[in-house]
Structure formats: C-alpha cells, structure tokens
Amino acid sequence: MPESAVKDVLAELVSDGLVQKEKIGTTNYFWALRSSAALDRQRRVTKLECETKVLDEQAMLIRHEIEGERILRGVNSDRAAQLEKVSALSTRHALLELELADMMLKDPEQMENKLFWKQREADAANRYLDNILLLQSCFKEHHGGSSTADIDFLQAFNNGEPLLSLD
C-alpha cells in the first residue's frame, strides 16, 4: 500500500475524530481506544439530549403562548365566519391556480394574452387611483386645506357632484 494513501486515510480519521494523533519529536503517533470512542459517543448523546430538552421546553412555552392568544381572542361567531371565509377563498385560489397552470399548458399564446391584459388592467387601476389622489389634492388646495376637506371630497366624489368649479 502506498505511503500517501495511508497518510490520507489517517488524516481523514483524525479529522473525523475517530483516531487520535500526537507528534512527539519528529514522529507522529496515531491511536484509537475503544473507551475514548465510547466516551465521545456518550458526550454527543448527552449533548443532544440536553439540546432536545431545551427545544422541548421552548416548544411547550410556544404552545402555552398560542393557547393564551386563543383565550385572549376568544371564540365568537364573527371570527369563525371570517376564518371560514378565508378558508373558502384559499381553496378557491388554489383551484384557480391549478386552472391557470392547466391553461398555460394548453395554450401558451392565450395565457400570454391574458397576462398582458391583466397587467394593462392593473396599470389602469393605478392610474385611476393616481388621478383620484391628484383630484383630492387639488380639491384640498381649492378649499384652503381645511380639516374637513377630505370628508367633503369623499362626499362630493361619491355623490357625483362637480368637485371643482372653474370660476
């Protein structure tokens, strides 16, 4: 067996902690005792048991916190209805995602077209909101920045009244 292969194997065993190495003078001594390997394993087991105990305690604390939050929130019909609605919407969303993926596989051009128009609709909605905010700003300036200008704006906007006069 070549000397370099022995050195490589010993180096790996030392780095894994399975073999001990001591350099005395110019000579390297290697050894592995069953008792030291058993002690190392026992130390690892003890360390892992301690970590497990700490993690179990943390998990118990978190469970208690969750239970405390549930008690603080209470159970009422409104919350139950909202949670049921969220669940139904999540299910519908998942079904729509599956349908969308199926459509993409069937007709990529049609899907690209739908995505294009979806983006155009989102851009239009953003422009609409920008225009409303601009109108609100002008309305506020026109009415002298009064504290009721926002409320007046919303009332006029919802009633379809002219927001600003040109005079």
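Q: Why is Arg 70 called exposed?
A: Arg 70 has a relative accessible area of 53%, and exposed means over 50%, buried under 20% and partly exposed in between, with a 1.4 Å probe and protein chains only. Arg 70 therefore counts as exposed. The value comes from a predicted model, in which local features need pLDDT of at least 70, side-chain atom pairs count only at pLDDT 80 or more, and totals for chains, interfaces and linings use all residues. Residues are numbered from 1 along each chain as its sequence is written, and side-chain values use heavy atoms, with hydrogens and water left out.

Q: What makes Glu 67 and Arg 70 a salt bridge?
A: The closest N and O atoms of Glu 67 and Arg 70 are 3.8 Å apart. A salt bridge is a side-chain nitrogen of Lys or Arg within 4 Å of a carboxyl oxygen of Asp or Glu, so the contact between Glu 67 and Arg 70 qualifies. Both residues lie in helix α2, three residues apart, about one turn of the helix; helices (H or I, at least four residues) and strands (E, at least two) are DSSP runs, numbered from the N terminus.

Q: Why is Glu 67 called partly exposed?
A: The relative accessible area of Glu 67 is 39%, which falls between the limits for buried and exposed. Glu 67 is therefore partly exposed, whereas its partner Arg 70 is exposed.

Q: How do you know that Arg 43 and Asp 40 form a salt bridge?
A: Their side chains meet at 2.9 Å, N to O, and this distance satisfies the salt-bridge limit. Arg 43 and Asp 40 also belong to helix α2, where they stand three residues apart, about one turn of the helix. Arg 43 counts as exposed because its relative accessibility is 53%; Asp 40, at 29%, counts as partly exposed.

Q: What makes the contact of Lys 7 with Glu 3 a salt bridge?
A: The closest N and O atoms of Lys 7 and Glu 3 are 3.6 Å apart, a distance that meets the criterion. Both residues lie in helix α1, four residues apart, about one turn of the helix. Lys 7, at 53% relative accessibility, counts as exposed, and Glu 3, with a relative accessible area of 59%, is exposed too. By this rule the chain has four salt bridges, among them the one formed by Lys 7 and Glu 3.

Q: How do you know that the length of helix α4 agrees with expectation?
A: The expected span of a helix is 1.5 Å times one less than its number of residues. Helix α4 (residues 108–142) has 35 residues and should therefore span 51 Å; its end C-alpha atoms are 51 Å apart, in agreement. Within α4, Met 111, Ile 132 and Phe 139 are buried. Just after α4, Gly 144 takes a positive phi of about 75 degrees.

Q: What makes the pair of Phe 116 and Trp 117 edge-to-face?
A: By the ring criterion the count comes to one aromatic pair. The rings of Phe 116 and Trp 117 are 5.3 Å apart, centre to centre, with 80 degrees between the planes. Rings of Phe, Tyr and Trp (its six-membered ring) pair if their centres lie within 6.5 Å, and planes under 30 degrees apart count as stacked, over 60 as edge-to-face and the rest as tilted; Phe 116 and Trp 117 are therefore an edge-to-face pair. Phe 116, at 42% relative accessible area, is partly exposed, and Trp 117, at 43%, counts as partly exposed too.

Q: How do you know that β1 and β2 pair?
A: Strand β1 (residues 20–24) and β2 share five bridges in the antiparallel sense, and two strands pair if DSSP finds at least two bridges between them. One of the partnerships joins Lys 23 to Asn 28 in β2. The two strands form a hairpin with two residues between them, and Gly 25 in the turn has a positive phi of about 70 degrees.

Q: Why is Ala 37 called partly exposed?
A: Ala 37 has 27% relative accessibility and therefore counts as partly exposed. Ala 37 sits in helix α2. From C-alpha to C-alpha, Ala 37 is 8.6 Å from Gly 17, although they are 20 residues apart in sequence. Gly 17 follows α1 and has a positive phi, near 80 degrees.
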